[in-house]
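Student: I should be grateful for a close look at how this chain is divided into domains, and at what is found within and between them. Could the account please move from the division itself to the details?

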Amino acid sequence: SHLNINPNVKLLKVATDPTFVPFESQTINGNLEGFDIDLMNAIAKVAKFAVEFESLPFDGMISSLQAHRVDAAISGITITAQRLKTISFSRPYFKAGLAIAVRQDNQDIKDFNSLKGKKIAVQIGSTGADFAKTIPNAKISTFNSGPDFFQDLLNGHVDAVVSDAFATLYAIKNGKLKGIKVVENLLTEEYYGIATPKNSPHLDAINKGIATLLSNGTYKQIYQKWFNA
Ligand code: GLN
């Protein structure tokens, strides 16, 4: 119930796809957690708006923003020129990039050039999927979420996965991706931003919120919590 929320406080509906550890995932109790979740809540606190998260598949997020079904989306979304044609982004809040992952015993895939003609798994609608299209003669399979394409790599249906480096490295480090290694890290330079409908009136508050968290140490705290760096 929102009855106890001050009616002068704006309530922003924020989309996220909680299949992207450690940025957004769902606990056993169904609660959302992760770097992006903490960041969005912290921005709301300093910018004085309330947040209601809505879980949506990554692939449908941009069209939901275009249709104004949600006010914003935070989901490790890379700021790209293509996406900027139809939606807006906050200032960048995380430096990211793609990585190539293969099975531990793979000897022949070492870099971008050795992906030619290989079977590659990517997430539908992701920057990894766009990148894979540039690999000559690659056979690309698309999946709805991360856990599924890594399963296909492990069972030998594909030779490599092209996906966000931090999420992949985090899963390997935490033992969730046994038998997989990264052969090329930060293949691309990308920046995550909070997405909104085009020219959203909330962008200014979101950007000021990010700036405040960067200068008051909160951003660093959240970063250390999830990446213990
Ligand atoms: N950063 C990638 C993109 O924007 C993938 C993000 C994700 O899977 N949540 O396409």
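Tutor: In this predicted model, the chain falls into domain 1 (11–94 + 190–227) and domain 2 (98–184). Between the C-alpha centres of domain 1 and domain 2 there are 25 Å. To the contact, domain 1 contributes 12 residues and domain 2 contributes 13 residues. On the side of domain 1 that touches domain 2, the classes are 6 nonpolar, 4 polar and 2 charged residues.

The ligand concerns both domains. At least three residues of the shell around the ligand come from each of domain 1 (11–94 + 190–227) and domain 2 (98–184). The residues around the ligand are D17, F20, F58, S75, G76, I77, T78, Q123, S126, T127 and D164. Sorted by class, this shell around the ligand holds 3 nonpolar, 6 polar and 2 charged residues.

Let us now turn to the sheets, beginning with one of 5 strands. This sheet is open, its strands follow the order 11-10-12-9-13, and the pairing is mixed. Strand 11 (139–143) and strand 13 (180–184) stand at the edges with a single partner strand each, so one side of each has no neighbour in the sheet. From one strand to the next, the twist averages 35°.

Within this sheet, strand 10 (residues 119–123) and strand 12 (residues 160–164) run parallel and are joined by 2 bridges. A121 has V161 of strand 12 opposite it. Two helices should be considered together with these strands. Helix 5 (residues 146–154) packs on the sheet and touches strand 9 (98–103), strand 10, strand 11, strand 12 and strand 13. The direction of helix 5 makes about 165° with that of strand 10. Helix 6 (residues 165–173) also packs on the sheet, where it touches strand 9, strand 12 and strand 13. The direction of helix 6 makes about 115° with that of strand 12.

A further open sheet consists of 3 strands in the order 2-3-4, with antiparallel pairing. Its edge strands are strand 2 (19–20) and strand 4 (32–33), each of which pairs on one side only. Strand 3 (residues 24–26) pairs with strand 4 in the antiparallel sense, over 2 bridges. Q26 has L32 in strand 4 as its bridge partner. The loop between strand 2 and strand 3 contains P22, and the peptide bond leading from V21 to P22 is cis, with omega near 5°.

Another backbone detail concerns H68, a residue in the loop between helix 2 (61–66) and strand 6 (72–73). H68 has a positive phi of about 60°, although it is not a glycine.

There remains a pair of helices. Helix 1 (residues 35–47) packs with helix 7 (residues 203–215) at an angle of about 105°, and their axes are 8 Å apart. Helix 1 is therefore roughly perpendicular to helix 7. On the side of helix 1, the contact is made by A42, I43, V46 and A47. Helix 7 supplies A205, I206, K208, G209, I210, T212 and L213. The residues of this contact of helix 1 with helix 7 comprise 8 nonpolar, 2 polar and 1 charged.

Conventions:
Residues are numbered from 1 along each chain as its sequence is written. This is a predicted model: local features need pLDDT of at least 70, side-chain atom pairs count only at pLDDT 80 or more; totals for chains, interfaces and linings use all residues. A residue is near a molecule or strand if its C-beta atom, placed from the backbone, lies within 6 Å of it. Ala, Val, Leu, Ile, Met, Phe, Trp, Tyr, Cys and Pro count as nonpolar, Asp, Glu, Lys and Arg as charged, and the others, Gly among them, as polar. Domain bounds come from an automatic or database domain assignment. Two residues are in contact if their C-beta atoms, placed from the backbone, lie within 7 Å. Two strands pair if DSSP finds at least two bridges between them. Helices (H or I, at least four residues) and strands (E, at least two) are DSSP runs, numbered from the N terminus. Axes are lines fitted to C-alpha atoms, for helices over the stretch in contact, and angles run from 0 to 180 degrees between N-to-C directions. Angles under 35 degrees count as roughly parallel, over 145 as roughly antiparallel, 65 to 115 as roughly perpendicular and the rest as oblique.
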